[in-house]
Amino acid sequence: MKVFKYLIILLVLPLFAFTTMHKYYISVTQVSYVKEKESLQIISRIFIDDFESVLRSNYDENIILAGKDEPKETDSLMNIYLQSKLKLKINNKPVLFNFIGKAYDGDIVRCYLEVEHVKYIKVFSITNSILLDYQEDQQNIVKTKINSKNKSFILTSNNTNALLNFN
């Protein structure tokens, strides 16, 4: 009987451990400067369910991402949201990016963005507040490859800005 109690405890205890698992709220934005194309190319990877929730709360409560019922205006809503949450400055001048498109990969949506006609970069600044209006403990990882230099930052609600100097 004692062995039976221990066996039950050993089998049931791990199940309770999984009930308190914490979901992580992370996005990854990769910024690459392609000098030959005079282009700043950006890929933002965001969890589909989180992005869908923030688009629902801000724009359309019926929006569905990554499904056959995805509305045609999804790209436009994604662009509006990203333009409001992702701010870029090149050489201390604000620049706008073009929303090129998106691709779904498992539970992630990749948003492809581009800033054209970038001849050189001496100073680069990024403010990334993606999903911070949805989840306060959101972390936005920014990886940059500019002028052959790789840098990474973790941006949070306490610090949404990263600045790079190439002087």
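Two residues are in contact here when heavy atoms lie within 4.5 Å of each other. The structure is a predicted model, in which local features need pLDDT of at least 70 and side-chain atom pairs count only at pLDDT 80 or more, while totals for chains, interfaces and linings use all residues. Residues are numbered from 1 along each chain as its sequence is written, and side-chain values use heavy atoms, with hydrogens and water left out.

A good place to start is the overall plan. The protein has three helices and 10 strands, which are DSSP runs numbered from the N terminus (helices: H or I, at least four residues; strands: E, at least two). Read from the N terminus, the order of elements is α-β-β-α-α-β-β-β-β-β-β-β-β.

Next comes the sheet. Six strands build an open, mixed sheet in the order 5-6-2-1-8-9, where pairing requires that DSSP finds at least two bridges between two strands. Strand 5 (98-105) and strand 9 (149-155) form the edges, each pairing on one side only. In general, strands of a sheet pair through backbone hydrogen bonds, either parallel or antiparallel. Strand 8 (residues 139-146) runs antiparallel to strand 9 and is joined to strand 9 by seven bridges; K143, for instance, has S152 in strand 9 as its bridge partner.

Two helices lie across part of this sheet. Helix 2 (residues 48-58) lies across strand 2 (39-47), strand 5 and strand 6 (108-116), at about 95° to strand 2. Helix 3 (residues 74-85) lies across strand 2, strand 5 and strand 6 too, at about 115° to strand 5. For these angles, axes are lines fitted to C-alpha atoms, for helices over the stretch in contact, and angles run from 0 to 180 degrees between N-to-C directions. The axes of helix 2 and helix 3 come within 11 Å and cross at roughly 90°. The two helices are therefore roughly perpendicular (65 to 115 degrees). Where they meet, F51, V54, L55 and N58 of helix 2 touch L77, M78, Y81 and L82 of helix 3.

Some of these residues reappear in the protein's interior. The largest nonpolar core, a set of buried Ala, Val, Leu, Ile, Met, Phe, Trp, Tyr and Cys residues joined through side-chain atoms within 4.5 Å, has 36 residues, and F51, L55, L82, I121 and F124 have the most contacts inside it. Leaving aside residues up to four places away in sequence, L82 touches I46, F51, F97, F99, C111, L113 and I130. Buried residues (under 20% relative accessible area, 1.4 Å probe, protein chains only) make up 36% of the 167 residues in the protein.

Note on methods:
Parallel < 35°, antiparallel > 145°, perpendicular 65-115°, else oblique. Buried < 20%, exposed > 50% of the residue type's maximum accessible area, 1.4 Å probe, protein only.
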